[in-house]
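Here are a few exercises to work through with the structure open beside you. Try each task on your own, then follow the solution step by step.

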Amino acid sequence: GTLMRDRDDLIVQGRIAWFFAGQSGKPSFNLLLTVDPKVGAERKTKEGGYPGKTADEALALNRRRENEELAHYRALYGIENFLDPAHYTFALDTTNLTEDEVMKKVLDAVKK
């Protein structure tokens, strides 16, 4: 939060970066990239993110982590759902997009 108040032109990645950006008092562009949970688990296992795990096991691990994070951010900051698209300037479902298509759509949104 302090860094966002003291500096301009930052790129900050984090699940609740939008929350701290809002507290900074400065304008921000908050981006949410989503993916169908099953597709996300498949991508993660292909990238080697869960060595030795199947996509179904990765899906279960992702769901557990998301539920833990929901409870964690609710308890610490009173955030009901950090994944609510209403918190973000631009939300994009990447399920059926290539990396290049995602980049183009994000850059187009930022330019607007």
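## Exercise 1: The core

**Task.** Find which residues make up the largest nonpolar core of this predicted model.

**Solution.** Step 1: The largest nonpolar core has nine residues, namely I16, W18, F19, L32, L70, Y73, I79, F82 and Y88. Step 2: The helices α2 (17–24) and α4 (55–77) are the elements that give two or more residues to this core. Step 3: For background, nonpolar side chains in soluble globular proteins tend to be buried together.

## Exercise 2: Around α2

**Task.** List the buried residues of α2, then find what W18 touches beyond four places away in sequence.

**Solution.** Step 1: A17, W18, F19, A21 and S24 are buried in α2. Step 2: Leaving out residues up to four places away in sequence, W18 touches N30, I79, F82, H87 and Y88. Step 3: Now move on to G25, just after α2, where phi is positive at about 80°.

## Exercise 3: Two helices that cross

**Task.** Work out how α3 and α4 are oriented to each other, and say which residues meet.

**Solution.** Step 1: The axes of α3 (residues 37–46) and α4 come within 8 Å and cross at roughly 115°. Step 2: Angles from 65 to 115 degrees count as roughly perpendicular, so α3 and α4 are roughly perpendicular to each other. Step 3: Their crossing is right-handed. Step 4: On the α3 side, P37, K38, A41, E42 and T45 take part, and they meet A55, D56, A58, L59 and N62 in α4. Step 5: Sorted by class, this contact of α3 with α4 has five nonpolar, two polar and three charged residues.

## Exercise 4: Buried or partly exposed?

**Task.** Decide how V39 and T95 should be classed, buried or partly exposed, and place each one in the structure.

**Solution.** Step 1: V39 is in helix α3. Step 2: Buried means under 20% relative accessible area, so V39, at 22% relative accessibility, counts as partly exposed. Step 3: T95 lies in the loop between β2 (90–93) and α5 (99–111). Step 4: T95 has 17% relative accessibility and therefore counts as buried. Step 5: Not counting residues up to four places away in sequence, T95 touches T34, V35, D36, V39 and R43.

## Exercise 5: Distances

**Task.** Find how many Å separate the C-alpha atoms of V39 and V102, and those of T95 and S24.

**Solution.** Step 1: V39 and V102 are 63 residues apart along the chain, and their C-alpha atoms are separated by 15 Å. Step 2: T95 and S24 are 71 residues apart along the chain, with 32 Å between their C-alpha atoms.

Definitions and conventions
Residues are numbered from 1 along each chain as its sequence is written. This is a predicted model: local features need pLDDT of at least 70, side-chain atom pairs count only at pLDDT 80 or more; totals for chains, interfaces and linings use all residues. Side-chain values use heavy atoms; hydrogens and water are left out. A nonpolar core is a set of buried Ala, Val, Leu, Ile, Met, Phe, Trp, Tyr and Cys residues joined through side-chain atoms within 4.5 Å. Buried means under 20% relative accessible area, exposed over 50%, partly exposed in between (1.4 Å probe, protein chains only). Helices (H or I, at least four residues) and strands (E, at least two) are DSSP runs, numbered from the N terminus. Contact means heavy atoms within 4.5 Å. Axes are lines fitted to C-alpha atoms, for helices over the stretch in contact, and angles run from 0 to 180 degrees between N-to-C directions. Angles under 35 degrees count as roughly parallel, over 145 as roughly antiparallel, 65 to 115 as roughly perpendicular and the rest as oblique. A crossing is left-handed if the near helix is turned anticlockwise from the far one by less than a right angle, and right-handed if clockwise. Ala, Val, Leu, Ile, Met, Phe, Trp, Tyr, Cys and Pro count as nonpolar, Asp, Glu, Lys and Arg as charged, and the others, Gly among them, as polar.
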